[in-house]
Amino acid sequence: MSGVLTRFMNNAEKCGICLNPVSYQGKLSCCNHNFCFDCITKWSQTENSCPLCKDRFHTITKIVKRTQYRNTRADRPVVIEVSHKNQCAAMRESEMVNILELMLTHELDRLFELLDRLNV
Ligand SMILES: [Zn+2]
Ligand SMILES: [Zn+2]
């Protein structure tokens, strides 16, 4: 019994974000990874690359996965477009340090320039 259940669970298409079986799929334009429409829509507000393979996507198509729901007109695939987004947290630490150093150097230059002028 539990073996059958486990096999069923493994075969169910799961969302790569919340790991629940997907009933409304958000199909990405870049790959065939599985996500809930809601999960990937929220994700796309932060970053428009696939959470699993990091490919950029430009549209999310809402598809009803469970056949028993596929009987109304409202359940036809809906395509939404996403804008180009990048997640700041994805920036590597070394890149961050470089940018901070540049900013700091720039500020110091301005400070020394100001001091020079005051001395005159
Ligand atoms: Zn999900
Ligand atoms: Zn992917």
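Is Glu-107 buried, exposed or partly exposed? At 42% relative accessibility, Glu-107 counts as partly exposed, and its side chain meets that of Arg-110 in a salt bridge. Keep in mind that this is a predicted model. Here's a quick tour: two zinc sites, the packing around helix H2, the surface of helix H3, and a couple of odd backbone angles.

**Zinc ion (ligand 1)**

- Four cysteine sulfurs hold this ion: the SG atoms of Cys-15, Cys-18, Cys-36 and Cys-39, sitting 2.2 to 2.3 Å away.
- The angles among the four donor atoms run from 106 to 114 degrees, and the site is tetrahedral.
- For reference, the ideal angle for four tetrahedral donors is 109.5 degrees.
- Read along the chain, the donors follow C-x2-C-x17-C-x2-C.
- Cys-15 comes from the loop between helix H1 (2–11) and strand S1 (24–28), while Cys-36 comes from the loop between S1 and helix H2 (37–44), so this pair ties together parts that are 21 residues apart in sequence.
- Both members of that pair are tucked away: Cys-15 counts as buried at 1% relative accessibility, and Cys-36 counts as buried at 14%.

**Zinc ion (ligand 2)**

- Here a histidine joins the cysteines: the ion is coordinated by Cys-31 (SG), His-33 (ND1), Cys-50 (SG) and Cys-53 (SG), at 2.0 to 2.3 Å.
- The arrangement is tetrahedral because the four donor atoms subtend angles of 104 to 114 degrees.
- The donor spacing in sequence reads C-x1-H-x16-C-x2-C.
- His-33 sits in the loop between S1 and H2, and Cys-53 sits in the loop between H2 and S2, so these two donors tie together parts that are 20 residues apart in sequence.
- As for accessibility, His-33 counts as partly exposed at 28%, and Cys-53 counts as partly exposed at 31%.

**Packing around helix H2**

- The buried residues of H2 are Phe-37, Cys-39, Ile-40, Thr-41 and Ser-44.
- Cys-39 in that list also turns up as a donor of the zinc ion (ligand 1).
- What do the buried residues of H2 pack against? Their partners are S1, strand S2 (59–64) and strand S3 (78–81).
- Ser-44 is in helix H2 and is buried, with a relative accessible area of 7%.
- Leaving out residues up to four places away in sequence, Ser-44 touches Phe-57, Ile-60, Val-82 and Lys-85.
- Over in strand S3 there's Ile-80, which counts as partly exposed at 25% relative accessibility.
- With residues up to four places away in sequence again left out, Ile-80 touches Phe-37, Thr-41, His-58, Thr-59 and Ile-60.
- Ile-80 and Thr-61 are 19 residues apart in sequence, yet their C-alpha atoms are 6.3 Å apart in space.

**The surface of helix H3**

- Leu-104, Leu-108, Leu-111, Phe-112, Leu-115 and Leu-118 make a nonpolar surface patch of about 630 Å².
- Phe-112, one of the patch residues, lies in helix H3 (residues 93–119).
- Side chains of opposite charge can pair when their charged atoms come close.
- The count comes to two salt bridges.
- One of them joins Arg-110 and Glu-107, at 3.6 Å from N to O; these residues are three apart in helix H3, so about one helical turn separates them.
- Another joins Arg-117 and Glu-113, at 3.1 Å from N to O; being four residues apart in helix H3, they are also separated by about one helical turn.
- Arg-117 counts as exposed at 58% relative accessibility, whereas Glu-113 counts as partly exposed at 45%.

**Backbone angles to look at**

- Leu-19 isn't a glycine, but it has a positive phi of about 65 degrees.
- Leu-19 is in the loop between H1 and S1, and it is exposed, with a relative accessible area of 57%.
- Lys-54, also not a glycine, has a positive phi of about 65 degrees and lies in the loop between H2 and S2.

Technical notes:
Residues are numbered from 1 along each chain as its sequence is written. Chains are lettered from A and ligands numbered from 1 in the order in which they are written. This is a predicted model: local features need pLDDT of at least 70, side-chain atom pairs count only at pLDDT 80 or more; totals for chains, interfaces and linings use all residues. Side-chain values use heavy atoms; hydrogens and water are left out. Donors are N, O and S atoms within 2.8 Å of the metal (3.2 Å for Na, K and Ca); water is not among the atoms, so sites may look incomplete. Four donors count as tetrahedral if all angles lie between 85 and 135 degrees; four count as square planar and six as octahedral if opposite donors are over 155 degrees apart and all others between 65 and 115; anything else is irregular. Buried means under 20% relative accessible area, exposed over 50%, partly exposed in between (1.4 Å probe, protein chains only). Contact means heavy atoms within 4.5 Å. Patches are made of residues with over 30% relative accessible area and no salt bridge: like charges are joined within 9 Å, nonpolar side chains (Val, Leu, Ile, Met, Phe, Trp, Tyr) within 5 Å. Accessible areas come from the Shrake-Rupley method with a 1.4 Å probe; for residues, only the protein chains shown count as cover. A salt bridge is a side-chain nitrogen of Lys or Arg within 4 Å of a carboxyl oxygen of Asp or Glu.
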